[in-house]
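New to this one? Take a look at the sequence and structure first, then read on for a quick tour.

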Amino acid sequence: MKVVVDFDLCESNAVCMAIAPEVFEVRDDDFLYVLNEHPGPELHDKVREAVERCPKQAISVVE
Amino acid sequence: MTTIVVVGASLAGTQAAQAMRRAGFDGRLVMVGAEPHYPYDRPPLSKSYLVDAEVDEERLRLRPTVDPDVLAADWRLGRRAVALDDQRSVVELDDGEQLGYDGLVIATGARPRRLPMADPPTDGVFELRTLDDARALRAALAAGPTRVAVCGAGFIGAEVAASARERGLEVTLVDAADAPLDRVLDTEAGLAVADLHRDHGVDVRLGVGVADIDRSGPRVDGMVLSDGSIVAAEVVVVGIGVVPNTEWLSSSTLTIDDGIVADETCLAAPGIVVAGDVARWPNPRFGGRSMRVEQWDNAIDMGGYAGRRLLAALDGGRVEPFEPTPWFWSDQYDRKIQLAGVVGERREVVQGSVAERRFVQIYGDGTGRLTGALCWNRPRQAIMARQLVTDGETMDAARTKLA
Ligand SMILES: Cc1cc2nc3c(=O)[nH]c(=O)nc-3n(C[C@H](O)[C@H](O)[C@H](O)COP(=O)(O)OP(=O)(O)OC[C@H]3O[C@@H](n4cnc5c(N)ncnc54)[C@H](O)[C@@H]3O)c2cc1C
Ligand code: SF4
């Protein structure tokens, strides 16, 4: 699984970080950083949840 | 084969359907939606969609339905449920079709409340809930008006005002309350929203209602306010709250009280779950307070929960209650306003200041327990605060963690 964020859509609301802090981090500069573009299988459910809960539909995964 | 019918094909209904498919439901799934469109996302409609003619409607499609086959559903779009017989487990549609079900998800959402003198709104008066509403309003804003009058400074009204300003139009925003957003924020925070709009050139009139729509000919001339003054405008937008879509249930045995009343697991009757803007339930996280939440994230959360809840009901499984900490955002100009949880009787700014419009204000109940936090351009803190409310933290703990 590869995680892709469309930074033109992302508004740094950190919803994804609340769900999968191992993968997403919004830092003090208010930008989102993808910590792990290829999360292991144990994180796949969390990442899928983040895809669903992102209010801007900014995250996608390439399986 | 087991049949599950979902009435209301929008955010909550789609999420319920997706959750059930993910959980392995392989029976027949019927999605009934009154709108002719596949499910789409509403928040952009008052924001980017109104400002930017380039916003592509395809992008609004909800992800799970970009490919409608993913849900393997039988779509009944542009079709309305007109009655529910919950004793016989049958939903009747507007064309007479009778849909029998084993399980039913009701997610019929809400529609804009209307002014008695503009019901339905026509000829220059607009409301905003659907894609069709947004198309009409965007066309009117693009047709070269100079002045826009907005009745109601709730989220929709405030966002429409901001979007119209971004198009360079003159905007008047009127609300009968003493502050904008008075149903969800404290007065002072609401007044900060008023100041934000004033600084962007909006004429904000508070504490004065709209008495009438001003029209001499077929088109609107503006609004007549309760103090007798007239706000001239070529476009009038009404955003005075919403009404849950429950009329079609009047012949059922479901309890209706400003929404469909469910138990703490979203169950409204045996085999019937509810979710989203139409649903009312006691939220254990807030002492069993009866809630009906008109917010995007809740529709997702509750929709997914309700889908799993329904499957559990069908196969006798058990579930935990639905006890979320609500969270919403609103974008106005360059500000992101977010509220995690709910306002409380105590409040305190713990970071930044209201004056600089970048702050965190926490709320607590009489005992000092954290109930929520309002964040302006502090997105990370909003999500942290949401977790703190969920964890049952105190205001003291939140002050340290969010400062
Ligand atoms: C312009 C706009 C901007 C918004 N911005 C934000 C925001 O920034 N942040 C936020 O948190 N929330 C926002 N919201 C709120 C959010 O969009 C709603 O909470 C969410 O759409 C609720 O989803 P739902 O599925 O419960 O109901 P709805 O989206 O209302 O969908 C209900 C569907 O059911 C259909 N229906 C109704 N009756 C019947 C029937 N009898 N038979 C068949 N179908 C029926 C309706 O046509 C509709 O398609 C916004 C809403 C709007 C309108
Ligand atoms: S949830 Fe979406 S919008 Fe929010 S920070 Fe993550 S990617 Fe960006």
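Here is a short briefing, grouped by topic.

This is a predicted model, where local features need pLDDT of at least 70, side-chain atom pairs count only at pLDDT 80 or more, and totals for chains, interfaces and linings use all residues. Residues are numbered from 1 along each chain as its sequence is written, chains are lettered from A and ligands numbered from 1 in the order in which they are written, and side-chain values use heavy atoms, with hydrogens and water left out.

**Ligand 1 and its surroundings**

- Ligand 1 has 34 residues around it, and B:Ser10, B:Glu35, B:Arg42, B:Lys47 and B:Arg129 come nearest (a residue is near if one of its heavy atoms lies within 4 Å).
- That shell breaks down into 16 nonpolar, nine polar and nine charged residues (Ala, Val, Leu, Ile, Met, Phe, Trp, Tyr, Cys and Pro count as nonpolar, Asp, Glu, Lys and Arg as charged, and the others, Gly among them, as polar).
- Both domain 1 (3-111 + 243-315) and domain 2 (114-240) of chain B give residues to the shell, so ligand 1 lies between them.
- An oxygen atom of ligand 1 sits 2.7 Å from an N or O atom in the side chain of B:Lys47, which fits a polar contact (a pair of N or O atoms within 3.5 Å).
- Backbone atoms join in too: a polar one of B:Ala34 is 3.1 Å from a nitrogen atom of ligand 1, and a polar one of B:Leu11 is 3.3 Å from an oxygen atom of ligand 1.
- On its own, ligand 1 has 1000 Å² of accessible area, and the protein covers 94% of that (areas come from the Shrake-Rupley method with a 1.4 Å probe).

**Domains of chain B**

- The assignment, automatic or from a database, gives chain B domain 1 (3-111 + 243-315), domain 2 (114-240) and domain 3 (334-402).
- The C-alpha centres of domain 1 and domain 3 of chain B are 31 Å apart.
- Five residues of domain 1 of chain B touch seven of domain 3 of chain B (contact means heavy atoms within 4.5 Å).
- Those two domains of chain B bury about 470 Å² between them, with 49% of it on carbon and sulfur atoms (buried area is the accessible area, 1.4 Å probe, that two parts lose on being put together, summed over both).
- B:Arg285, B:Phe286 and B:Asp297 supply 79% of the area that domain 1 of chain B buries against domain 3 of chain B.

**Where the chains meet**

- Chain A brings 23 residues into contact with 25 residues of chain B.
- About 1900 Å² is buried between chain A and chain B, and carbon and sulfur atoms give 43% of it.
- On the chain A side, A:Glu52, A:Arg53 and A:Gln57 lose the most area to chain B, together 36% of what that side buries.

**Backbone oddities**

- Most residues other than glycine have a negative phi, and most peptide bonds are trans.
- B:Asp119 and B:Pro120 are joined by a cis peptide bond, with omega about 0°.
- B:Ala72 has a positive phi, near 45°.

Terms used: A polar contact is a pair of N or O atoms within 3.5 Å; within protein, one must be able to donate a hydrogen and the other to accept it, and residues adjacent in sequence count only if both atoms are side-chain atoms.
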